[in-house]
Amino acid sequence: MARRIEVTGAGGVRLAAWEFGDPPKGEPAGVVPEQPPPLGTARQTGRPTARERPPGRAVPPGPTLRVVSQRDHGDPAGDEPRGVPGGPGSHGGPGGPATSDGPRTSKTPDRPVAPATQDTPGVLLLHGLMGRASHWASTARWLSGRFRAVALDQRGHGQSDRPADGTYTRDAYVEDAEAAIEQLGLGPAVLVGHAMGALTAWQLAAKRPDLVSGLIILDMRASALGAASQREWADWFRAWPVPFATLADVRKWFGEDDPWVERPHRARGEFYAEVMREEQDGWHPVFDPEQMLSSREAWVLDAHWEELAQVRCPSLVVRGLDGELGRAEAQEMVRVLPRGQYAEVSDAGHLVHYDQPEGWLMAIEPFLDQILTDLTT
């Protein structure tokens, strides 16, 4: 089950938050009982979508998944991201190296599922640039067994407002997440963020430690990426063959034909099919590419190590072995975080939770167990 809850963000921007799992007792104001179908679902198109398909492949146990603490940084050599760091040629940008196997059936780690209540610890999930809350659906449903799991459509994304006045600053994104936690009564919450959403999460954790009990950073760099990266992204947006005639064309272009992709990547095609909508002339992104560039410009020119050092809660840095975040930088982030831990998922790129959903959940489960223990002792 997922239900929509209205949140008022910075400057009065209307944000759509999605709560997964059984609703808590006493529904908060603004609840929309039924979740509308995600854009591009079978109800609209008669074709299956990413949310209807198992989004990844199981990771076998053993050395393919490695979790280390901040005292065990391992070997930093030989595992840096390929392609142009942060740009369309790396897996951390729009494209990049990935496994060619694509989505396969996988299961999530077993655990007893108890219905969430208003007193259940909260989790706020923040997607990356161009993403939407539904990208977290499988993770959020898994979390809802022990947490009150809410995913936010950030400003300019999903079903939230797209302000035309250019308010796509770092402060605006952080204040939106802060408003969501306060208005939904989630705090102190575990923040789970992917890429841009991870930066928002650790900036909020530094700003409002009273609202955050734990932090999971998924494949986001703390170093500056530079103006060249921004120019490359602008070129990539201009290369999109919009409008797409069908969702199948969306999947094919982003998964196979995009010149910034080194080899076929079916999960990437599914990821982008989730952020398209049908108009009279075909399929278009639900977001404005210029607004996405504005959002990205607000962080790529600067480094964010200082804010990382200000995070006081337990924190987990997770990377895909073929993702944007290289091992050396990830482990330096763990060192800088006062209570940092590290995990990596093999056979995964930047879209770790799409590429290897079981490996992703295996990586975060011990950390979440620790958070729950801390909250109850």
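Which residues have the most contacts inside the largest nonpolar core, and how many residues does this core have? The exercises below work through this and related points on a predicted model.

**Exercise 1. Describe the nonpolar cores and name the element that gives the most to the largest one.**

Solution. Begin with the largest nonpolar core, which has 73 residues, and in which Leu124, Met130, Trp202, Ile217 and Trp236 are the residues with the most contacts. Then ask which element contributes most to this core: that is helix H4, with 8 residues. Finally, turn to a second core, separate from this one, which has 33 residues and includes Phe147, Ala149, Ala363 and Ile364.

**Exercise 2. Determine how strands E8, E11 and E12 are joined, and whether the faces of E11 and E12 are covered or open.**

Solution. Step one concerns the pairing. Strand E11 (residues 315-320) runs parallel to E12, and 6 bridges join the two; within this pairing, Leu316 stands opposite Gln341, while Ser315 stands opposite Gly340. The connection between these strands passes from E11 through helix H10 (residues 327-336) to E12, and the resulting β-α-β crossover is right-handed. E11 is also joined to E8, again in parallel, by 4 bridges, and here Val318 of E11 is the bridge partner of Leu218.

Step two concerns the faces. In a regular strand the side chains alternate between the two faces of the sheet. In E11, one side carries Ser315, Val317 and Arg319 and the other Leu316, Val318 and Gly320, and all of these are buried. In E12, Gly340, Tyr342 and Glu344 lie on one side and Gln341, Ala343 and Val345 on the other, and these too are all buried.

Step three draws the conclusion for each strand. E11 is mostly covered, with 6 of its 6 residues buried, and because 6 of the 6 residues of E12 are buried, that strand is largely enclosed by the rest of the structure.

**Exercise 3. Locate Gly349 and decide whether this residue is buried or exposed.**

Solution. Gly349 belongs to the loop that runs between strand E12 (340-345) and helix H11 (352-355). Its relative accessibility is 0%, and Gly349 therefore counts as buried. A position distant in sequence can then be placed beside this one: Gly320 is 29 residues away along the chain, yet the C-alpha atoms of Gly349 and Gly320 are separated by 4.9 Å.

**Exercise 4. Explain why helix H7 is described as largely enclosed, and identify elements that cover its buried residues.**

Solution. Helix H7 (residues 266-273) has 8 residues, of which 7 are buried, so the helix is largely enclosed by the rest of the structure. The buried residues are Ala267, Arg268, Gly269, Glu270, Phe271, Tyr272 and Ala273. Their cover includes helix H5 (227-239), helix H6 (247-257), strand E9 (276-279) and H11.

**Exercise 5. Characterise the salt bridges of Asp161, Glu182 and Asp257.**

Solution. The count of salt bridges comes to 21, and one of them links Asp161 to Arg14, with the closest N and O atoms 3.1 Å apart. Asp161 lies in the loop between strand E6 (148-153) and helix H3 (170-184), whereas Arg14 lies in strand E2 (residues 14-20), so the pair ties together parts that are 147 residues apart in sequence. Both partners are partly exposed, Asp161 at a relative accessible area of 28% and Arg14 at 27%.

The next pair is Glu182 and Arg208, whose side chains meet in a salt bridge at 2.9 Å, N to O. Glu182 is in helix H3 and Arg208 in the loop between helix H4 (196-207) and strand E8 (212-218), so this pair connects parts 26 residues apart in sequence. Glu182 is partly exposed at 44%, but Arg208, at 18% relative accessibility, falls under the 20% cut-off and counts as buried.

The last pair is Asp257 and Lys252, with the closest N and O atoms 2.8 Å apart; Asp257 is partly exposed at 38%, and Lys252 is partly exposed at 39%. Shared partners join Glu178, Glu182, Lys207, Arg208 and Asp210 into one network of salt bridges.

**Exercise 6. Describe the surroundings of His284.**

Solution. His284 is found in strand E10 (residues 282-285) and is buried, with a relative accessible area of 16%. Its side chain makes a polar contact, at 2.8 Å, with the side chain of Asp281. Leaving aside residues up to four places away in sequence, His284 touches Val242, Pro243, Val275, Met276, Arg277 and Glu279.

Methods:
Residues are numbered from 1 along each chain as its sequence is written. This is a predicted model: local features need pLDDT of at least 70, side-chain atom pairs count only at pLDDT 80 or more; totals for chains, interfaces and linings use all residues. Side-chain values use heavy atoms; hydrogens and water are left out. Buried means under 20% relative accessible area, exposed over 50%, partly exposed in between (1.4 Å probe, protein chains only). Contact means heavy atoms within 4.5 Å. A salt bridge is a side-chain nitrogen of Lys or Arg within 4 Å of a carboxyl oxygen of Asp or Glu. A nonpolar core is a set of buried Ala, Val, Leu, Ile, Met, Phe, Trp, Tyr and Cys residues joined through side-chain atoms within 4.5 Å. Two strands pair if DSSP finds at least two bridges between them. A crossover is right-handed if, with the strands pointing away from the viewer, the path from the first strand over the helix to the second runs clockwise. A polar contact is a pair of N or O atoms within 3.5 Å; within protein, one must be able to donate a hydrogen and the other to accept it, and residues adjacent in sequence count only if both atoms are side-chain atoms.
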